[in-house]
Amino acid sequence: MKNELYKTKSVDELTFTDNGMFQAVLHEPDICAELVERLLNILFICKQDPFKDKKNIQYGMPCYTFKNLCLENNEVNLNDKSLKVIYNSSAYEKAEDVRIRNFLHFIHTNEPGEDDFSSKLSALVEKIKENDKFRRDYAGMNLHDRDLIRAASQEKAEEIAIELIKEGDSPEKISRCIGLSIEKVLELQEQIKVQA
């Protein structure tokens, strides 16, 4: 259980859509400008279609655009000119604009194809992977993330242990089932006695 929670990609496995890499690539002003130009008003890109009908079937559109409408009457619009645009890369083949289709294809498959911009992105990803500072920063970020996950897992394990102690399970059984040390379970047991 523990090892699965902490599994992260190595730098060499990163693609454009991975958080650390995405941030590093978008630090390049020309790349960022071209991406905004292609996907004006982009707020979110999905590799899988997040929208489903009542039968849990995906709509399969490459792009969903939302406006601020009144929930009580959807004919009432704020007219604030704001849009939320969500691109679904799994439906890249349906995108009418060839530049968007090529970009969504790259996002979905990590293959740049013949598209110049996707090729630029792919080359930049590979160049960043070779950067020693990025590699150190990414390793540090993963350690920080793992520490946060470990702390949250430890907290959850302790909450479960407390409940099991209250139900009368033995410290040995709790330790064995949850993975907490016997010392920690006994410490929690003492805390419960003091609080009672």
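This report describes salt bridges in a predicted model.

Side chains of opposite charge can pair when their charged atoms come close. In this structure the count comes to 8 salt bridges, and three of the pairs are set out below with the separation of their closest N and O atoms.

| Pair | N to O distance | Helix |
|---|---|---|
| Glutamate 126 and lysine 129 | 3.2 Å | H5 (residues 116-129) |
| Glutamate 159 and lysine 156 | 3.8 Å | H6 (residues 132-166) |
| Lysine 193 and glutamate 190 | 3.6 Å | H8 (residues 182-195) |

In helix H5, glutamate 126 and lysine 129 are 3 residues apart, about one turn of the helix, and they differ in their surroundings: glutamate 126 is partly exposed, at 41% relative accessibility, whereas lysine 129 has a relative accessible area of 6% and counts as buried because that value is under 20%.

Helix H6 holds both glutamate 159 and lysine 156, again with a spacing of 3 residues, or about one turn of the helix. Glutamate 159 is partly exposed, with a relative accessible area of 39%, and lysine 156 is likewise partly exposed, at 48%.

In helix H8, lysine 193 and glutamate 190 also lie 3 residues apart, about one turn of the helix. Lysine 193, at 54% relative accessible area, counts as exposed because the value is over 50%, while glutamate 190, at 45%, is partly exposed.

Beyond these pairs, a network of salt bridges links Glu158, Lys184 and Glu187.

Methods: Residues numbered from 1 in each chain as written. Predicted model: local features only at pLDDT ≥ 70, side-chain atom pairs only at ≥ 80, totals over all residues. Heavy atoms only, no water. Salt bridge = Lys/Arg side-chain N within 4 Å of Asp/Glu carboxyl O. Helix = DSSP H or I, 4+ residues; strand = E, 2+ residues; numbered from the N terminus. Buried < 20%, exposed > 50% of the residue type's maximum accessible area, 1.4 Å probe, protein only.
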